[in-house]
Amino acid sequence: MNGPFGWSARFWRRIHPGRNPLARRSDRVEGAMLLVVVLGMLIALPLAVFVGGATYRGQAAISEQQHATRHLVTATLLEAVPVPTPAADNSIVDNGSPGVRARWTAPDGSERTGAIPADPGTPAGKPVPLWLTASGDPAPAPLNSTEITTAGIVVGAFFWLASASVLVAGYWAGRLILDRRRGSQWDHAWATARQKWARF
């Protein structure tokens with residue numbers, strides 16, 4: 001039987017040999033192991049959703065705290081941002097530095113100057129957005145909704161994949177042991193058969 005119904009029927013026979021007289025004890029053990037893998041993957045799904053949701057809520061709380069303690073201002077660049085230039089071997093040579101000098105107004109109204117990140121090629125005098133801490137120092141932008149959602153999805157998916165990998169690895173390790181045992185039993189059976197045939 002082909003198609004999805006044939007696959008499901010074969011899968012069912014793998015995990016449930018029933019009263020088949022040809023089914024060995026090792027076949028039943030292997031079927032039980034496969035059933036544990038399938039059930040484990042199904043159980044890991046809601047756990048992965050829980051872990052991903054917990055990660056999402058944790059990142060959302062961090063984002064909320066960052067928005068409450070950081071301020072968005074406009075800084076003015078005091079120098080142009082260098083543009084990376086291609087080298088002779090077609091690689092890119094970065095002529096810039098971790099930041100360029102800029103001026104901004106701190107939350108307390110004082111004027112500040114320092115190095116801030118900016119896009120390559122930005123000319124001097126151009127205003128750029130800048131996030132500041134409560135003390136007026138530059139800070140990374142708060143986590144946005146896309147980053148929060150991505151973190152939750154990635155952590156949840158990684159949890160499920162890791163759980164599935166452990167289950168599958170355990171199944172194949174157990175099957176390898178069973179295959180070796182079955183091979184040994186076959187060798188013993190053939191040796192016994194040869195001894196019986198040699199009498200005739």
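Ser-63 lies in helix α2, which spans residues 25–69; helices here are DSSP runs (H or I) of at least four residues and strands are DSSP runs (E) of at least two, both numbered from the N terminus. The model is a predicted one, in which local features need pLDDT of at least 70 and side-chain atom pairs count only at pLDDT 80 or more, while totals for chains, interfaces and linings use all residues. Residues are numbered from 1 along each chain as its sequence is written, and side-chain values use heavy atoms, with hydrogens and water left out.

With a relative accessible area of 7%, Ser-63 is buried, a label for values under 20% (exposed is over 50%, partly exposed lies in between; 1.4 Å probe, protein chains only). Apart from neighbours within four places in sequence, Ser-63 is in contact with Pro-142, Leu-143 and Ile-148, where contact means heavy atoms within 4.5 Å.

Turning to the whole chain, the secondary structure comes to three helices and six strands, and along the sequence these follow the pattern α-α-β-β-β-β-β-β-α. Of the 200 residues in the chain, 23% are buried. Among contacts between residues at least 6 apart in sequence, 64% join residues at least 24 apart.

Four of the strands form an open sheet in the order β5-β4-β1-β6, with antiparallel pairing; two strands pair if DSSP finds at least two bridges between them. Why is one side of β5 and of β6 left without a neighbour in the sheet? Both β5 (111–116) and β6 stand at the edges with a single partner strand each, so one side of each stays free of a neighbour in the sheet. On average, and with direction ignored, neighbouring strands of this sheet are turned by 40° against each other; the axes are lines fitted to C-alpha atoms, and angles run from 0 to 180 degrees between N-to-C directions. Within the sheet, β1 and β4 run antiparallel and are joined by two bridges, and Leu-77 stands opposite Ala-102 in β4.

Leu-77 also belongs to the largest nonpolar core, a group of eleven residues that includes Val-73, Ala-102, Trp-104 and Ile-116. Such a core is a set of buried Ala, Val, Leu, Ile, Met, Phe, Trp, Tyr and Cys residues joined through side-chain atoms within 4.5 Å. At least two residues of this core come from each of β1 (71–77), β4 (100–105) and β6 (127–132). Leaving aside neighbours within four places in sequence, Leu-77 has contacts that include Val-100, Ala-102, Ile-116 and Val-128.
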